[in-house]
Amino acid sequence: MTMVAVTPEHQETLVALVRRGWPDAEVFLKKGRSRRLELSAFTQTSIFAQEQAWAVRAGHHRGSFFAAGTGEPDPAGPWPEPTGRALRLPEPAMVLPWNEPSDFDAPLIGEREGLRLLESLGRELASELPGARLLSASLEDGSSESEIANSRGLRARTRARVATLFLEAAGPGRPAPTASVYLAVREARKINPPALARRLADRLAVTAQGAPPERDRGEILLAPAVAVRLLAGLVPLLVGPKAGGLISGLRDHRGRIGSEKLTLIDNGRLSGGTLEAPVDGEGVPTREAVLVEQGFFRQPLLAWWQAETAAGHPSGCTRRAGWRDVPQPGPTHLYVKPDAKIPVVALLGSIAQGYYLIDTTGAGHFDLAEGKFALPVCGFAVEGGRASAPVAGAWLCGRIATFLQGIAAVGRDLTFHPLDGMIGSPTLLVTGLELRG
Amino acid sequence: MPFSELDTAAVARTLSQIAEQPEDVVDAFFERREDVELPPEDEGPGLRVWREEGFAVRLVREGRTWLATRDAIDGRPFAEALRQVARAFSAASYPEPSLRLPPDETPAAAPELAELPAAVNRALRAHHVGFPVRYTVRRHRRFVQVVGPRLVPAAQSEVFYSVTADGSWGRWGALFPRLDGGVAEMISSALAGLFRARQAPAPAPFRGIAVLAPSVVAVVLHEAVAHALEADVLAQGGNPESAVGVAMAAESLDVLDDPGAAPEGVRRTTDDEGSPVFRRWLLRGGVVEQPLADALWARTSPVLVPGAGRRGSRHLPPGPRSSHLELLAGETDEAGLLAGADEGYHLGETSRGSLDPLSGEFTLQLPYARRIRRGSLAETVGPCILRGRVADLLTRVTAVGRPSYPAGAGWCAKGGQKLPVWATAPALRLEGVEITPGGMPG
């Protein structure tokens, strides 16, 4: 991505909007193509889609509008009348050097190749857990190019490459336990069927055989799939100018909101990240923002216009997932910094008596006003560093402050999940939380 | 209709070229849609307008589906898409029918949206409550034209509205076929109820009588009857046609899916595959009569009839779904439903429902409920959950209320396809059902 010359379509629409009396105007163009493959026990579907669309934000000091559509924008409109809040657009800014990842140029996964991948997932699952089967599998591999230009002189062009996979599986027995996995990677060919099949098989086996525990505390090891759900529930405490006020209630007497093992980072240009890009959805340069450092809250995640009313540096965090979406600030790659020296097996081995929670089994409850959460989970009871019994139908409950301050160790296995942006965490060893039936 | 100038005959001729085998299903799906949104006052930018059009070409052969979609309606992309779905030589070329639609030059506006937030706030004051609420109001318009190699059904259109309200007590949302005076009152009643129940404690676990208001019955019908009788869901547990004739519910339950009787504005004569819709008896006297099927599933069995194929957008394939569910009214008035209940719960509002197709476990989340004591409504309780297995729950209906009401509607997001669903239903009384506390565990 570099600063680029604006295309004629852009320029014509931009000029027309400004001439209509709307000095603040922005034009976004996007082209994309994707292949989607769906497999169920009875059907097999292959979809090839080509999209071409645009979005315009424009207005004056008394109001603004957002308009979007397929094809190319017609400079003559029709455009909505500006209403509501005035629009503010970013000024051009220097974009730091960025090398476009080479996998952006890889071709989309082929129809046969994709179907083979999905079929191999079914085979791997059946071999991991006899009697288990895939109920449905959906793989989508897409690439896109977009351009943005605004009346303040900002010009940017960027590309993206994302593949998503959704799997739903049933285990043996009646009623059959079910489990699902949703993941996003940059390229479909990077998906690892044996690892995914193992994850699903573990979930199914634990759900089928596990029992809820008595109310219990102790050391609890949270696999990345569980830790990221907790982190995603805390996003409102980390984003926007009001976040600092909300999170201040979590500080301990030393001023920390978390243990010294906790460092939280958001980075829109994270190398290798699924959503890696040099600019955000408004064309503002992305950068790394450290939100929590060794337990100390440093700043919330702020867009350029929010940084005028809150302490902290803006970071180019305005997301625009697609042409239909109005740009909104939010995390891109928000993650707990891993400790490269600590393997998961060492964390597990350190637990004398406790639990290893491998996944969530539904949506959690987060009461940010009261500072409490509850998350449905499954996993294993652990004794002497070894799994002793499967656990299912359990709720991980506690205070948000207890979770953040009770992080005793972080592993090295940083893994991202597509939630509110890409949310990442390594395995976390926590104390002070409660597991209930 | 934007499709009046579409050369459907040319499209049909072109499609017939790729239908090589007698059992092939080939069709083209053209859509134009517009959404206009009035966001909350404190959120910029102001009015938001989305306008899109495009098409999908589909070939189904031997249980496999190929779909090619484009965000433009034009001859060249249409020929390209045909080539992508045709299982033919990649170099094969197809005619480029003239497909341009007249541009949508209607004003990008929806003045009727602007009135609603103030009207709801006025209606709220009449309920003697006041609290900050952020309203998002949307108008949804959609035009659909399906073309097959032999048949070209009439184009279809839908116009409806969605409203969401965000308060400190949570989010509430509903769909409406029109924004008239009654809508503001209905929204304000729902919001006032949620506000007043915000600190009510969750009830203790209970098994006994539950009286369900029509809006709650609508969600039960959608999850426990419609989803349970979709051919693809039935197939997860066995052969879909074996469901026909099974006594699934109490004898007093007659449930239909009738898109032709949906509220004006969302009424349909054909589904999203161009098949004629009809008054489909899902349950007659509690017995399964006609599961929901699309063209693909109808080919697997003579007892499955198409006409319930729906798609969220051109980019996704159709699947069997309900449109407008109707539960025929019974004989018992509202007082009669409560009478005789020494103890129980009146469920007047629901936040969401879900069905596990494999286990048949049905869950209904309720933000609050009212106790029934000696046949009368008593105190309000907080969040609770009604759950049970479909086969058991529906047999526990002991009385069907009268009359039937347009019972609200909502979005269904099965399989990632977001679709509006509508219902007409009376209230119901169930006995021996399980209600457990909801909200934050512990």
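**Domain packing in chain A and its contact with chain B**

Chain A is divided into domain 1, spanning residues 8-209, and domain 2, spanning residues 219-436. The description that follows rests on a predicted model. The C-alpha centres of domain 1 of chain A and domain 2 of chain A lie 23 Å apart, and the two domains meet through 33 residues of domain 1 that are in contact with 24 residues of domain 2. On the side of domain 1 of chain A that touches domain 2 of chain A, at least two residues each are supplied by β1 (24-40), β2 (44-60), β3, β5 (155-170), β6 (178-185) and α3 of chain A. Among these elements, α3(A) gives the most to this side of domain 1, with six residues. By residue class, the side of domain 1 of chain A that touches domain 2 of chain A divides into 24 nonpolar, four polar and five charged residues.

Helix α3 of chain A (residues 193-209) also packs against helix α2 of chain A (residues 111-128), the axes of the two helices coming within 8 Å and crossing at roughly 45°. At this angle, which falls neither under 35 degrees nor within 65 to 115, α2(A) is therefore oblique to α3(A), and the crossing of the two helices is right-handed. From α2(A), the contact is made by A:Leu117, A:Ser120, A:Leu121, A:Glu124, A:Leu125 and A:Glu128, while α3(A) contributes A:Pro193, A:Pro194, A:Leu196, A:Ala197, A:Arg198, A:Leu200 and A:Ala201. The residues of this contact between α2(A) and α3(A) comprise nine nonpolar, one polar and three charged.

Between the chains, 37 residues of chain B are in contact with 47 residues of chain A. The side of chain B that touches chain A draws at least two residues from each of β2 (47-61), β3 (64-70) and α6 (231-237) of chain B, and the largest share of this side, eight residues, comes from β2(B). The residues on the side of chain B that touches chain A divide into 16 nonpolar, 11 polar and 10 charged.

Strand β2(B) is in addition paired with a strand of the other chain: β3 of chain A (residues 63-70) and β2(B) run in the parallel sense and are joined over five bridges. In β2(B), B:Trp50 stands opposite A:Ala68. Strand β3 of chain A thus appears in both settings, pairing with β2(B) and supplying at least two residues to the side of domain 1 of chain A that touches domain 2 of chain A.

Methods: Residues numbered from 1 in each chain as written. Chains lettered and ligands numbered in written order. Predicted model: local features only at pLDDT ≥ 70, side-chain atom pairs only at ≥ 80, totals over all residues. Axes fitted to C-alpha atoms, helices over the stretch in contact; angles between N-to-C directions. Helix = DSSP H or I, 4+ residues; strand = E, 2+ residues; numbered from the N terminus. Parallel < 35°, antiparallel > 145°, perpendicular 65-115°, else oblique. Left-handed = near helix turned anticlockwise from the far one by under 90°. Contact = placed C-beta atoms within 7 Å. Nonpolar A, V, L, I, M, F, W, Y, C, P; charged D, E, K, R; others polar. Pairing = 2+ DSSP bridges. Domains from an automatic or database assignment.
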